[in-house]
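Trainee: I would like a close look at a single part of this model, namely its aromatic pairs. Please set them in the context of the strands that carry them.

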Amino acid sequence: MSDIDYSALEDAVITIESEDGESMECQLVCVFEYNEQDYAAFAEIDNEENEVYFFTLNAKVKKKETEFEFDIVDDEELLDELLAVLQEITDAEFEEDEDDNVIIEGEEDDDDDFEDEDDSRWDQFIHKKLD
């Protein structure tokens with residue numbers, strides 16, 4: 001990734017207009033590098049479908065202030081590649097989190113708790129990446 005400090009983006013929210021003219025608020029999920037280009041992944045706020053939008057991310061430092069420029073990625077092949085990279089990142093984060101968890105013998109798993117646990121892990125991942 002470039003030498004730019006992306007921590008200023010940790011609470012970034014952008015508005016995207018869909019093809020049918022609807023506006024949607026999206027929050028930054030993660031910033032990562034792929035093929036020497038920085039990308040930002042955004043997810044729609046309050047949408048359970050977990051739709052992710054990818055943007056190329058360019059930053060310019062002017063007078064000690066960083067300006068960020070986002071351009072939506074439209075190339076279907078590149079979108080598939082970026083989705084695979086994001087999946088690898090989330091899988092690695094979940095594996096790290098699972099390694100840190102302590103399993104208590106005799107504790108029973110409840111299928112209903114498993115669904116809630118998946119959502120909480122996704123939330124933990126997003127907040128961890130933003131920190």
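Mentor: In this predicted model, a search of the whole structure finds 5 aromatic pairs. One of them is formed by phenylalanine 42 and phenylalanine 70, an edge-to-face arrangement with 5.5 Å centre to centre and 80° between the planes. Phenylalanine 42 belongs to strand β3 and phenylalanine 70 to strand β5, so this pair ties together parts that are 28 residues apart in sequence. As to accessibility, phenylalanine 42 counts as buried because its relative accessibility is 0%. Phenylalanine 70, at 26% relative accessibility, counts as partly exposed, since the partly exposed class lies between the 20% and 50% limits.

Phenylalanine 70 also takes part in a pair with phenylalanine 55: the ring centres are 6.2 Å apart and the planes stand at 85°, so this pair too is edge-to-face. Here the link again joins distant parts of the chain, with phenylalanine 55 in strand β4 and phenylalanine 70 in strand β5, 15 residues apart. Phenylalanine 55 is buried, because its relative accessible area is 6%, and the limit for that class is under 20%. Phenylalanine 70 thus has a ring partner in phenylalanine 42 and another in phenylalanine 55. In addition, Phe32, Tyr39 and Phe54 form one aromatic cluster.

The strands that carry these rings are part of an open sheet of 5 strands in the order β1-β2-β3-β4-β5, with antiparallel pairing. Its edge strands are β1 (13-17) and β5, each of which pairs on one side only. From one strand to the next, the twist averages 45°.

Consider next the pairing around β3. Strand β2 (residues 23-34) runs antiparallel to strand β3 (residues 37-44), and the two are joined over 8 bridges. Within this ladder, phenylalanine 42 of β3 stands opposite leucine 28, while alanine 43 of β3 stands opposite glutamine 27. The two strands form a hairpin with 2 residues between them, and asparagine 35 in the turn has a positive phi of about 50°.

The ladder of β4 and β5 concerns the other two phenylalanines discussed above. Strand β4 (residues 52-62) and strand β5 (residues 65-72) are paired in the antiparallel sense, again over 8 bridges. Lysine 62 stands opposite glutamate 65 in β5. This hairpin has 2 residues between the strands, and lysine 63 takes a positive phi near 50°.

Lysine 62 has a further contact, as its side chain meets that of glutamate 67 in a salt bridge (3.9 Å, N to O). The structure holds 1 salt bridge. Both of its residues count as partly exposed: lysine 62 has a relative accessible area of 45%, and glutamate 67 has a relative accessibility of 43%.

At the other edge of the sheet, β1 and β2 pair in the antiparallel sense over 5 bridges. There, threonine 15 has glutamate 25 in β2 as its bridge partner. The hairpin of β1 and β2 has 5 residues between the strands, and glycine 21 takes a positive phi near 90°.

To return to the part in question, phenylalanine 70 lies in β5, an edge strand, and its pair with phenylalanine 42 reaches to β3, whereas its pair with phenylalanine 55 reaches to β4.

Definitions and conventions: Residues numbered from 1 in each chain as written. Predicted model: local features only at pLDDT ≥ 70, side-chain atom pairs only at ≥ 80, totals over all residues. Heavy atoms only, no water. Pairing = 2+ DSSP bridges. Helix = DSSP H or I, 4+ residues; strand = E, 2+ residues; numbered from the N terminus. Axes fitted to C-alpha atoms, helices over the stretch in contact; angles between N-to-C directions. Salt bridge = Lys/Arg side-chain N within 4 Å of Asp/Glu carboxyl O. Buried < 20%, exposed > 50% of the residue type's maximum accessible area, 1.4 Å probe, protein only. Phe/Tyr/Trp six-rings, centres within 6.5 Å; stacked < 30°, edge-to-face > 60°.
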